[in-house]
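Me: Please take a close look at a single strand in this model, and describe how its neighbours surround it and how it relates to the core. I would like one connected account rather than a list.

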Amino acid sequence: MIAGDALVELRALNKYFGSNHVLRDIDFSVARGEVVCVIGPSGSGKSTLLRCVNLLETPQSGTVRVNGEELTDPDCDIDAARRHIGMVFQQFNLFAHRSVLDNCMLALTTVLDKQRDEAERIARANLERVGLDDKIAAYPAHLSGGQQQRVAIARALSMDPALMLFDEPTSALDPELVGEVLSVMRRLADEGMTMIVVTHEIGFAREVADRVVFMDAGGIVEQGSPATLLTDPQEPRTRDFLKRVLDPGSR
């Protein structure tokens, strides 16, 4: 629970896939300007939680409120609400037949009805923001995985989101390319972007997060500052997970 100006509020959230109870009575808030990293074992519900924030997954019960609007209200215009929520996936999901610049302009012209000149100005500014202003004419197949993920971030930023969601954004990258993506995310955090990051990069969570949330078996087991949760976890499940992640050779 977060005091102050909550940008994201999830209350009593439950999600099932068939008989599998994936999220169990989740209460979760994120303050405006806060960076929250969500960690936990595979199958703990982390990505499903993230996808419920913008209703890519629809919960069976509970409420989702983002920027003051209840997305779970049947009368909510979910497409309009999603315009304020950027999302970066594990896979880059770029259009292979479009240039880097066109990938970043497409939603601006088709969703926000921007004129092409304005869309190009916004797209160029965000590609410069992620260090790819020299690649605007390139096509995804000619980029490294790290560069493709940075294009995906620039594309999301071009919509001027109030909130950025990152679902394991480095998990599909070769180890030597991870740093360039995390560097961009660090800069966004420094700029005050509200971010929810599902990640296995514990070092990133330690350096950048305002709060770390540990999930297991569909619930939030423990949360706190990185200094507290990553150094002195109180719950046995958290301690066991961190021991396995930070010291893979231990049993």
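Reply: Strand β3 and strand β9 (residues 211-216) run parallel and are joined by four bridges, and within this predicted model the bridge partner of Cys37 in β9 is Val212. Strand β8 (residues 194-198) also pairs with β3 in the parallel sense, again over four bridges, and here Cys37 stands opposite Val197. Cys37 therefore has a bridge partner in each of two strands, given that pairing is counted from the bridges DSSP finds.

The strand itself, residues 35-39, is mostly covered, with five of its five residues buried, a term that stands for under 20% relative accessible area. In a regular strand the side chains alternate between the two faces of the sheet. For β3 both faces are covered: Val35, Cys37 and Ile39 are buried on one side, while Val36 and Val38 are buried on the other.

Ile39, the last residue of β3 by its range of 35-39, deserves a closer look. Leaving aside residues up to four places away in sequence, Ile39 touches Lys46, Thr199, Ile202, Val212, Val213, Phe214, Met215, Leu229, Leu230, Phe241 and Leu242. Val212 thus appears twice in this account, as a contact of Ile39 and as the bridge partner of Cys37 in β9. Lys46, another of the contacts of Ile39, belongs to helix α1 (residues 46-53), which lies across β1 (6-17), β2 and β4 and runs at about 120° to β1.

In soluble globular proteins, nonpolar side chains tend to be buried together. The largest nonpolar core here has 53 residues, and Ile39 is among those that touch the most other members, together with Leu127, Ile153, Met164, Phe166, Met185 and Met195. Helix α6 (residues 175-190) gives the most to this core, contributing eight residues. A second core, separate from that one, holds 28 residues, including Val30, Val64, Val198 and Val213. Val213 is also one of the residues that Ile39 touches, although Ile39 is counted in the largest core and Val213 in the second.

Taken together, β3 is a buried strand that pairs in parallel with β8 and with β9, and its residue Ile39 is a member of the largest nonpolar core.

Terms used
Residues numbered from 1 in each chain as written. Predicted model: local features only at pLDDT ≥ 70, side-chain atom pairs only at ≥ 80, totals over all residues. Heavy atoms only, no water. Core = buried A, V, L, I, M, F, W, Y, C linked by side-chain atoms within 4.5 Å. Buried < 20%, exposed > 50% of the residue type's maximum accessible area, 1.4 Å probe, protein only. Contact = heavy atoms within 4.5 Å. Axes fitted to C-alpha atoms, helices over the stretch in contact; angles between N-to-C directions.
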